[in-house]
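Thanks for coming. I will go through a few contacts and one core in this model, and then stop.

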Amino acid sequence: MSKICAHGKISEKEVILMPQVAKSALLHVLEGNPNNKTKKELYKREKNEKKLKVSSENMVAPSWLSAGGKKEFGRITDLYKQSDLLNELDIASLAIYCDLLMEYKSLTSLIKKNGQTCDNKGVKDLTPIVKEKRLLAPQIDKYARQLGLTPAARASLAINMSDDSGGGDDDEF
C-alpha cells in the first residue's frame, strides 16, 4: 500500500496501483493489447460485446440541451458517424459534455465583458465567474477524453489501428 509523506510526495520505493477502466475488445486491439489478453479472451469479449451492441441510428440531442449544445452535439455525432465508437448509450455523456462546453463559452463571454478581476476590500481578486470557469475546465476535459474528443484520446485509439487494405495477417486479433 502506498503512503504519502508529510510533504505530499510519494517516496521512490512506493508504487501506486490504480484500477483500470474496462475496455472493449476493439479498444484493446487498437491500443496494441497493452494488457496482453489472449486471442481467446479478446474473441470472447468481442462476442459478448456484440450481444450488448447498441444502435447509433438515433443519436438525437436531448430536449433539455441549449441550442448551442444541440449544435455541438450534432457536429460531434456527424464526425463520428463512420465509426462504432459512439452509440445511443453515449447520448447522456455527450450531452453533458456539450452542456458544460456551452456553459464554459458563456462564462468566457461574461469574463470578456466584465473582466477577470474585481476589487475585494482593496485587494484585487479573481471574479467568481473566473473561478467557476476554472472548475468547469477539468470536467470538460474528463468528458472529452471519455468520448475520444482530445488528440491524446484519439492517438491512443489510433496507435495500433489496423490498416483496412488487408495487407497483413488474416488473424482478427
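**Contacts and core**

Start with Y97: beyond its neighbours within four places in sequence, Y97 is in contact (heavy atoms within 4.5 Å) with E72, I76, I140, Y143, A144, L147 and L149. Before going on, the source: this is a predicted model, where local features need pLDDT of at least 70, side-chain atom pairs count only at pLDDT 80 or more, and totals for chains, interfaces and linings use all residues. Residues are numbered from 1 along each chain as its sequence is written, and side-chain values use heavy atoms, with hydrogens and water left out.

Now the largest nonpolar core, meaning buried Ala, Val, Leu, Ile, Met, Phe, Trp, Tyr and Cys residues joined through side-chain atoms within 4.5 Å. This core has 20 residues, and those touching the most other members are F73, I76, L86, L94, Y97 and C98. At least two residues come from each of α3 (67-79), α4 and α5; helices here are DSSP runs of H or I, at least four residues, numbered from the N terminus. The most come from α4, which gives nine.

Also in α4, residues 91-114, is T108. Its side chain makes a polar contact (N or O atoms within 3.5 Å, one able to donate a hydrogen and the other to accept it; residues adjacent in sequence count only if both atoms are side-chain atoms) with the side chain of K133, at 3.1 Å. A polar atom of the T108 side chain also lies 2.9 Å from the backbone oxygen of Y104.

Last, T150, in the loop between α5 (128-146) and α6 (151-158). Is T150 buried or exposed? T150 is buried (under 20% relative accessible area, 1.4 Å probe, protein chains only), at 13%. The T150 side chain reaches the backbone nitrogen of A153 at 3.0 Å. Outside four places in sequence, T150 is in contact with D141, A144 and R145.

Methods: Buried < 20%, exposed > 50% of the residue type's maximum accessible area, 1.4 Å probe, protein only.
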